[in-house]
Amino acid sequence: MNKDDIESGLREIIIENIIVDDCVKIDYDTRFVEDLGLDSLDRLELLIKIEERFEVMLPDETVKLIIDFRTLVDHVMKTMEGKTGG
């Protein structure tokens, strides 16, 4: 799975499960708390959906570390690379 596939999948998860307004644009600088209004429970639910979709296990501390879409993509990419040994 390449980076574009991961980004697309993450955007889908966010839009389907978190965002109520379809007009919200998600780019690398979209901040989860400030721009999307997510609290820690929302972010935890997001991580669970990501783990299910990508069949990975993200460390619990990831919920505190993901502040924006860029950080989320980076964490998922690193986890996916570790999963495939790449």
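In this predicted model, Leu10 is in contact with Ile50, Phe54, Phe69, Leu72, Val73 and Val76, once its neighbours within four places in sequence are left aside. Leu10 also belongs to the largest nonpolar core, which comprises 24 residues, and it is listed there with Ile14, Ile50, Phe54 and Leu72 as the residues that touch the most other members. The elements that give two or more residues to this core are the helices α1 (3-17), α2 (40-54) and α4 (69-84), and of these α4 gives the most, with 6 residues.

Phe69, one of the contacts of Leu10, also takes part in an aromatic pair. The count of such pairs in the model comes to 1, and the pair is formed by Tyr28 and Phe69, whose rings lie 6.3 Å apart from centre to centre, with 40° between their planes, an arrangement classed as tilted. The two residues are 41 positions apart and belong to distant parts of the chain, since Tyr28 is placed in the loop between α1 and α2, whereas Phe69 is placed in helix α4. The partners also differ in their accessibility: Phe69 counts as buried because its relative accessibility is 0%, which is under the 20% cut-off, while Tyr28, with a relative accessible area of 26%, is partly exposed.

A further link across the sequence involves Val56, which is located in the loop between α2 and α3. The C-alpha atoms of Val56 and Lys83 are separated by 7.4 Å, although the two residues are 27 positions apart along the chain. Leaving aside neighbours within four places in sequence, Val56 is in contact with Lys83 and also with Glu51, Thr79 and Met80. With a relative accessibility of 5%, Val56 counts as buried.

Thr62 lies in helix α3, which spans residues 62-65. This residue is likewise buried, because its relative accessible area of 2% falls under 20%. When residues up to four places away in sequence are not counted, Thr62 touches Leu47 and His75.

On the surface, a nonpolar patch is formed by Leu41, Leu44 and Ile48, which together have about 260 Å² of accessible area. Ile48 lies in helix α2, an element that also gives two or more residues to the largest nonpolar core. The relative accessibility of Ile48 is 39%, so that this residue counts as partly exposed.

Note on methods
Residues numbered from 1 in each chain as written. Predicted model: local features only at pLDDT ≥ 70, side-chain atom pairs only at ≥ 80, totals over all residues. Heavy atoms only, no water. Helix = DSSP H or I, 4+ residues; strand = E, 2+ residues; numbered from the N terminus. Buried < 20%, exposed > 50% of the residue type's maximum accessible area, 1.4 Å probe, protein only. Contact = heavy atoms within 4.5 Å. Core = buried A, V, L, I, M, F, W, Y, C linked by side-chain atoms within 4.5 Å. Patch = residues over 30% accessible without salt bridge, like charges linked within 9 Å, V, L, I, M, F, W, Y side chains within 5 Å. Areas by Shrake-Rupley, 256 points an atom, 1.4 Å probe, with all protein chains shown as cover. Salt bridge = Lys/Arg side-chain N within 4 Å of Asp/Glu carboxyl O. Phe/Tyr/Trp six-rings, centres within 6.5 Å; stacked < 30°, edge-to-face > 60°.
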